[in-house]
Amino acid sequence: MSLTEQFWSATFDEVTQGYCEREHDYFCLLCGESIEKGIIYPVEGRLYDAAKFTHHHIEEAHGSVFQYLSELDKKITGLSDHQNQLMRLFFQGKSDQEVQKEMGIGSASTIRNHRFALKEKERQAKVFLVMMELMKGTAKKSPVTAVVSDAPRSPKKNDDELQVSSAEYAEITQKYFPEGTLGRLEHYPRKLKHRLVVLEEITKRFDPKKIYSEKEVNAVLETAYEDYVTIRRYLIDHGFLDRAADGSEYWVRSNGEEREKQMNRKQELKQIYREVKTEAGVYQIKNLQNGKIWVDATKNLKTMNGKQFTLKHGSHTNKALQKEWNEYGEDAFVFEVLEVLEQKPDPFFDLADALEKLENKWLDQLQPYGEKGYNEKKKR
C-alpha cells in the first residue's frame with residue numbers, strides 16, 4: 001500500500017496524531033517513516049521507546065500534524081487561503097486582537113465571527129462524515145451524540161433537564177458503577193444526564209495537575225470500561241478532557257491556568273522551530289566498498305541523521321542496505337545530498353508532488369537497482 005493509500009485509509013485518530021500503529025512498527029502517515037518497535041532510541045541524552053520517538057520524529061520532521069495538513073493543496077483541505085491563514089494563527093494561540101492586527105482585517109468582533117464560521121464548518125463536516133458512513137451502511141446505530149460536540153461539560157448546569165440532586169447523583173453512580181465509582185462501568189448510559197454523571201466520575205481518576213500521553217489516558221480508561229476509545233472521545237466531546245491539536249497530550253480541562261503556562265511555552269518552542277529553515281530534497285547513501293547506492297527523498301534533509309541512527313541500530317526499512325551496513329561497517333558509507341528542492345511561494349505549489357518528481361528524476365538518472373543499488377523499482 002502506497003503512502004497516499006495508507007493516509008486515506010487511516011482512521012480519524014490516526015491522522016490526528018500523524019501515525020498509525022502496526023504489528024511491528026509505528027508508521028508516519030506524513031512521510032512514510034517506519035519506527036520499529038522494541039528498540040530504545042537515544043535523543044539528546046534521553047531514551048525514547050518507539051511510540052515516544054514517533055512523536056519526536058513528527059515534531060522534528062514536520063513541525064506538527066497541523067502544520068503538515070495546513071500546507072496541503074486547498075483541493076484537499078477544502079479551505080480557502082483566507083481560512084487557512086486564520087486557522088494557522090488560531091493554532092498558534094493568537095488572540096482575536098492579535099489575529100486582527102496581523103491580518104489587517106475588520107475588528108476583533110470580525111475575527112470572532114470567523115471563529116464561529118469555522119466552528120459551523122466543523123459541525124457540518126461531522127454531519128457529512130456520519131451521513132457518508134450511513135450511506136455506505138458501515139456506521140453503527142449509535143446515539144446522535146457522535147455528531148453533537150457542544151453538549152454540557154457538567155450535570156450541574158442550569159438546564160432543568162440536566163439538574164441532578166445529590167440523591168439522584170448517588171443513585172446514578174450506584175447503577176452504573178455497582179462495584180463503586182473506582183470500579184468498572186457496567187454499561188455506557190444512553191441518557192445524557194446519566195452519561196454526564198458517569199463521565200464526571202471517570203474524570204476524577206485523572207490528576208488535574210498532570211499532562212497525560214494518549215497511552216496513559218488509555219491505561220486509566222481501561223480500568224473503567226472495555227471500550228476506552230469511546231469513553232475517551234466522549235470525555236473530550238463533553239469537555240471533561242482537552243488535548244493538544246496533534247493528540248500527543250491530554251489534560252483535565254479545569255486545569256486552565258497551569259495548562260495555559262505550558263501551552264504558551266510550547267507555542268514559543270513551535271515558533272522557534274518554524275523560524276529554523278528546513279529544506280526538502282533527495283539524498284543518497286553510498287557504499288564506498290562496492291559503489292551501491294540507496295536514493296531517497298525527504299521533506300527535511302536534516303532527517304538524514306535519523307536514517308544513520310536507524311542503520312546503527314539495525315532498524316532501517318531496507319533490509320539489503322541494512323545487511324551490508326552490518327557487514328561493511330559505518331565507515332564504508334557516506335550520506336550525500338543530491339539536490340535541494342526549490343520550493344515556490346505559489347499557494348498552489350504541491351510539495352509532496354514536487355518532491356516525488358524530483359526523486360523519480362534521480363532514480364531514473366542513477367538507476368540504483370540490482371547490482372547498482374538497494375532501491376526497488378516503483379510501480380508508476
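**Two sheets, their helices and a set of salt bridges**

The chain has 16 helices and 10 strands, where helices (H or I, at least four residues) and strands (E, at least two) are DSSP runs numbered from the N terminus. The model is a predicted one, in which local features need pLDDT of at least 70 and side-chain atom pairs count only at pLDDT 80 or more, while totals for chains, interfaces and linings use all residues. Residues are numbered from 1 along each chain as its sequence is written, and side-chain values use heavy atoms, with hydrogens and water left out. Of the 380 residues of the chain, 41% count as buried; here buried means under 20% relative accessible area, exposed means over 50%, and partly exposed lies in between (1.4 Å probe, protein chains only). Among contacts between residues at least 6 apart in sequence, 53% join residues at least 24 apart, a contact meaning heavy atoms within 4.5 Å.

A good place to begin is the sheet of β1, β2 and β3. These three strands form an open sheet in the order β1-β2-β3, with antiparallel pairing; two strands pair if DSSP finds at least two bridges between them. The edges are taken by β1 (19-21) and β3 (34-36), each with a single partner strand, so one side of each has no neighbour in the sheet. On average, neighbouring strands here are turned by 20° against each other, direction ignored. Strand β2 (residues 25-28) is joined to β3 by three bridges, the two running antiparallel, and Tyr-26 has Ile-35 of β3 as its bridge partner. Helix α3 (residues 50-62) lies across β1, β2 and β3 and runs at about 15° to β2. For such angles, axes are lines fitted to C-alpha atoms, for helices over the stretch in contact, and the values run from 0 to 180 degrees between N-to-C directions.

Further along the chain comes another sheet. Three strands form this open sheet in the order β9-β8-β10, and the pairing is antiparallel. Its edge strands are β9 (293-298) and β10 (333-340), each with a single partner strand, so one side of each is left without a neighbour in the sheet. Neighbouring strands are turned by 25° against each other on average, direction ignored. Strand β8 (residues 281-287) pairs with β9 in the antiparallel sense over six bridges, and Val-282 stands opposite Ala-297 in β9. Helix α14 (residues 304-312) packs on the sheet and touches β8, β9 and β10, its direction making about 155° with that of β10. Helix α16 (residues 351-366) also lies across β8, β9 and β10, running at about 165° to β9.

Helices can also be viewed against each other. Two packed helices are described by the angle between their axes and the distance between the axes. The axes of α11 (residues 214-222) and α12 (residues 228-237) come within 9 Å and cross at roughly 110°. The two helices are therefore roughly perpendicular to each other, on a scale where angles under 35 degrees count as roughly parallel, over 145 as roughly antiparallel, 65 to 115 as roughly perpendicular and the rest as oblique. On the α11 side the contact is made by Glu-214, Val-217, Asn-218, Leu-221 and Glu-222, and on the α12 side by Tyr-228, Ile-231, Arg-232 and Leu-235. These residues divide into five nonpolar, one polar and three charged; Ala, Val, Leu, Ile, Met, Phe, Trp, Tyr, Cys and Pro count as nonpolar, Asp, Glu, Lys and Arg as charged, and the others, Gly among them, as polar.

Side chains of opposite charge can pair when their charged atoms come close. The structure holds 16 salt bridges, each defined as a side-chain nitrogen of Lys or Arg within 4 Å of a carboxyl oxygen of Asp or Glu. Glu-214 and Arg-232, both part of the contact of α11 with α12, are linked with Asp-13 in a network of salt bridges. Arg-22 and Asp-25 meet in a salt bridge at 2.7 Å, N to O; Arg-22 is partly exposed at 33% relative accessibility, whereas Asp-25 is buried at 10%.

Helix α8 (residues 108-136) offers a further example. Glu-122 meets Lys-119 in a salt bridge (3.2 Å, N to O), the two being three residues apart and separated by about one helical turn. Glu-122 is partly exposed, with a relative accessible area of 32%, and Lys-119 is partly exposed at 29%. Glu-122 also forms a salt bridge with Lys-126, with the closest N and O atoms 3.9 Å apart; Glu-122 and Lys-126 lie four residues apart in α8, about one turn of the helix.
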